[in-house]
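Reader: Hello! I would like a close look at a single part of this protein, with the packing around it followed step by step. Could you walk me through it?

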Amino acid sequence: MADVSYSTSEKIDTVDKYIASVQSSLPKNTQMAVVCFGDDYKLHTAFDEKLSSVKGVEVKNGATNISQAVEYASTLFSDDAVKRIVLITDGADTDENGIEKMISTANKMLTEIIDVQLSQDFNK
């Protein structure tokens, strides 16, 4: 999941680098999809599609609704899949109850959520 909200607009290249890093570290026979989010969300790359840059992805980007996007992403998995969500964000969720909602969604779906905090430098 890629945060493309206004607060990350100057870090989109870093988001792309994180996505490429995650993809390159996946075991064989593992599928990956990308959901972009801001105030709303969009499936940017489905499981069977080739990954592409998140630059220019159009979502409402005035806010960051992480929990809504996590809830959506958790519905993309088949029932028998090992469910893992990698969350690439600056962490500025605009929903004050967002963390609790995200944890609840993850627990219901038996999904592991890995949070990657965006820093100024990908190498940090």
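Author: Happy to; what follows is a walk along one strand, E2, and then outward to what surrounds it. Please keep in mind that the model is predicted.

Let us begin with the strand itself. E2 covers residues 34-37 and is joined by 4 bridges to strand E3, residues 41-45, with the two running antiparallel. A hairpin of 3 residues connects E2 to E3. Two facing pairs help to place the strands: cysteine 36 stands opposite lysine 42 in E3, and valine 35 has leucine 43 of E3 as its bridge partner. E2 also pairs with strand E1, residues 2-3, through 2 bridges, and here the strands run parallel. In that pairing, alanine 2 is opposite cysteine 36. Cysteine 36 therefore faces lysine 42 in E3 and alanine 2 in E1.

Now for the side chains. Which residues of E2 point one way, and which the other way? Val34 and Cys36 point one way, Val35 and Phe37 point the other way, and all are buried.

The first of these directions is a good one to follow. Val34 and Cys36 are among the residues with the most contacts inside the largest nonpolar core, along with Ala2, Ile19 and Val54. That core has 15 residues. At least two of its residues come from each of helix H1 (12-24), E2 and strand E4 (84-89). H1 provides the largest share, 4 residues. Alanine 2 shows how these parts meet: leaving aside neighbours within four places in sequence, alanine 2 is in contact with Val15, Ile19, Val34, Val35, Cys36, Phe37, Val54 and Ile88. Apart from the largest core lies another, of 10 residues, and Val35 is among them, as are Ala69, Ala73 and Leu87.

One of those contacts of alanine 2 is worth a short detour. Isoleucine 88 lies in strand E4, and isoleucine 88 counts as buried because its relative accessibility is 3%, under 20%. Isoleucine 88 is 72 residues from aspartate 16 in sequence, while their C-alpha atoms are 9.7 Å apart in space.

Back to the hairpin partner, E3. Histidine 44 is found in this strand. Is histidine 44 buried or exposed? Histidine 44 is buried, with a relative accessible area of 19%; the cut-off is under 20%. Not counting residues up to four places away in sequence, histidine 44 touches Val34, Val35 and Cys36 of the neighbouring strand E2, and also Glu49, Ser52, Ser53, Val54 and Val57.

E3 also takes part in an aromatic pair, one of 2 in the structure. The rings of tyrosine 41 and tyrosine 72 have centres 4.5 Å apart and planes at 20°, so this pair is stacked. Tyrosine 41 belongs to strand E3 and tyrosine 72 to helix H2 (residues 66-74), so the pair ties together parts that are 31 residues apart in sequence. Tyrosine 41 counts as partly exposed, at 31% relative accessibility.

The other pair is made by phenylalanine 47 and phenylalanine 77. Their ring centres are 5.9 Å apart and their planes are at 50°, so the pair is tilted. Phenylalanine 47 lies in the loop between E3 and H2 and phenylalanine 77 in the loop between H2 and E4, so this pair links distant parts of the chain, 30 residues apart. Phenylalanine 47 is partly exposed, with a relative accessible area of 27%, whereas phenylalanine 77 is buried at 16%.

Those two rings lead on to the largest pocket, which holds about 650 Å³ of space. Phe47 and Phe77 are among the residues closest to its centre, together with Gln31, Met32 and Arg84, out of 24 that line this pocket. E2 returns here too: H1, E2 and E4 each supply at least two residues of the lining. E4 gives the most, with 4 residues.

One last stop is the stretch leading into our strand. Asparagine 29 lies in the loop between H1 and E2. Its phi is near 65°, a positive value in a residue other than glycine. Asparagine 29 counts as exposed, at 83% relative accessibility, whereas Val34, Val35, Cys36 and Phe37 of E2 are all buried.

How values were computed
Residues numbered from 1 in each chain as written. Predicted model: local features only at pLDDT ≥ 70, side-chain atom pairs only at ≥ 80, totals over all residues. Heavy atoms only, no water. Core = buried A, V, L, I, M, F, W, Y, C linked by side-chain atoms within 4.5 Å. Buried < 20%, exposed > 50% of the residue type's maximum accessible area, 1.4 Å probe, protein only. Contact = heavy atoms within 4.5 Å. Phe/Tyr/Trp six-rings, centres within 6.5 Å; stacked < 30°, edge-to-face > 60°. 1 Å grid on protein atoms, 1.4 Å probe; cavity = no way out; pocket = protein on both sides within 12 Å on 5 of 7 lines; lining within 4 Å. Points joined across faces, edges and corners; volume = space filled by probe spheres on them.
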